[in-house]
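Visitor: I would like a close look at one part of this model, the lining of the largest pocket, and at how its residues divide by chemical kind. Please then set that part against the rest of the chain.

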Amino acid sequence: MKLFKAIILITFLTVTNFSCVQDDDYSIPESVGLEENQDLNQLIEQINSGAVDLMTISQVKSFFVSGEVTLIESNIAVKGYVVSSDMTGNFYKEFYMQDESSNPTAGIKVVLNQVDSYNQFNIGREVYIKLQNLYIGETNSGDGVVAIGGSINQYGDEIESITENMAAETVLRSSNTVEIIPLSLNLGQINDSHIGTYVRAENVQFPNTLSGLTFVDPYDDYDTQRDLESCVDSGSIKIETSAYASFQDNLLPTGSSGSLSAVVTRSYDGDERVMMLNSI
């Protein structure tokens with residue numbers, strides 16, 4: 001039996017205003033393209049009229065049930081700011097977005113059947129997603145990373161990518177690109193609530209035992225996890241790097257502490273919380 005359900009909202013939810021957009025200031029210059037500009041302006045008008053509910057990322061994530069897939073049938077939308085980039089090849093056919101450009105409270109993954117999406121969904125880009133007929137779930141059942149997808153797999157327990165044609169109608173950029181200020185935390189403070197957000201881990205280092213090693217083990221086919229340790233508490237985390245990342249052969253910086261900014265997520269199997277770099 002397919003493990004998915006449908007969400008239909010009967011009541012209207014309060015629209016959340018975000019600090020980077022002034023009230024009722026939704027002007028979208030034509031720099032994003034005329035058709036996309038028109039689609040977004042139409043969505044904004046529907047939000048303002050109450051025909052579409054603008055939900056927060058936290059509200060959208062609340063639809064998720066572990067091991068299941070949820071079809072969104074209601075006329076709702078979500079807004080966020082892109083915090084990941086596939087420019088270096090460390091992310092693939094996905095991007096993460098969070099609810100605020102600074103001090104985020106929630107992040108979510110968006111899976112697209114599109115490569116080099118950084119040209120369109122650059123870091124800091126404000127994005128609106130029309131969720132009706134899209135799905136909330138996991139791309140790898142049990143990994144604990146809530147994502148937005150365009151279809152459901154044959155077993156009904158995982159979501160699959162939003163097609164390019166579907167994305168053109170549902171994943172809409174505004175002209176706004178804002179500065180993303182990483183959330184500053186010690187490793188011991190990072191938890192699952194930070195998944196999908198851009199975090200700066202303070203006072204950290206790669207252990208000296210990793211000296212001379214590269215970000216990716218040359219014998220790994222897909223990705224490598226390297227330990228990152230805190231210099232101020234007992235916290236630790238893995239830095240996960242794709243074997244297709246352009247910096248896979250770079251040596252790990254060891255021998256001194258500093259800060260590291262990356263997207264918090266989980267490993268492919270969901271066993272461990274990890275951080276993924278946009279670049280070095």
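Guide: Nine nonpolar, nine polar and eight charged residues make up the lining of the largest pocket, where Ala, Val, Leu, Ile, Met, Phe, Trp, Tyr, Cys and Pro count as nonpolar, Asp, Glu, Lys and Arg as charged, and the others, Gly among them, as polar. The model is a predicted one, in which local features need pLDDT (the predictor's confidence in each residue, from 0 to 100) of at least 70 and side-chain atom pairs count only at 80 or more, while totals for chains, interfaces and linings use all residues. Residues are numbered from 1 along each chain as its sequence is written, and side-chain values use heavy atoms, with hydrogens and water left out.

The pocket has a volume of about 760 Å³, the volume being the space filled by probe spheres set on grid points that are joined across faces, edges and corners. On a 1 Å grid over the protein atoms alone, a pocket is an open set of points with protein on both sides within 12 Å along at least five of seven lines, and lining residues have an atom within 4 Å of a point. Of the 26 lining residues, Tyr-92, Glu-94, Lys-109, Asp-223 and Tyr-268 are the closest to the centre of the pocket. Strands E5 (94-98) and E6 (107-111), together with E16 and E17, each give two or more residues to the lining, and E16 has the largest share, with three; strands here are DSSP runs of E of at least two residues, numbered from the N terminus.

Two of these strands also belong to the largest nonpolar core, a set of 31 residues, since E16 (236-242) and E17 (258-266) each supply at least two residues of that core, as do E13, E14 and E18. Such a core joins buried Ala, Val, Leu, Ile, Met, Phe, Trp, Tyr and Cys residues through side-chain atoms within 4.5 Å, buried meaning under 20% relative accessible area with a 1.4 Å probe, protein chains only. Ile-190 is among the core residues with the most contacts inside it, and beyond four places in sequence Ile-190 touches residues including Ile-237 and Val-264, contact meaning heavy atoms within 4.5 Å.

As for confidence, the mean pLDDT of the chain is 90, but residues 10-30 stay under 50.

Note on methods
Buried < 20%, exposed > 50% of the residue type's maximum accessible area, 1.4 Å probe, protein only. Helix = DSSP H or I, 4+ residues; strand = E, 2+ residues; numbered from the N terminus. 1 Å grid on protein atoms, 1.4 Å probe; cavity = no way out; pocket = protein on both sides within 12 Å on 5 of 7 lines; lining within 4 Å.
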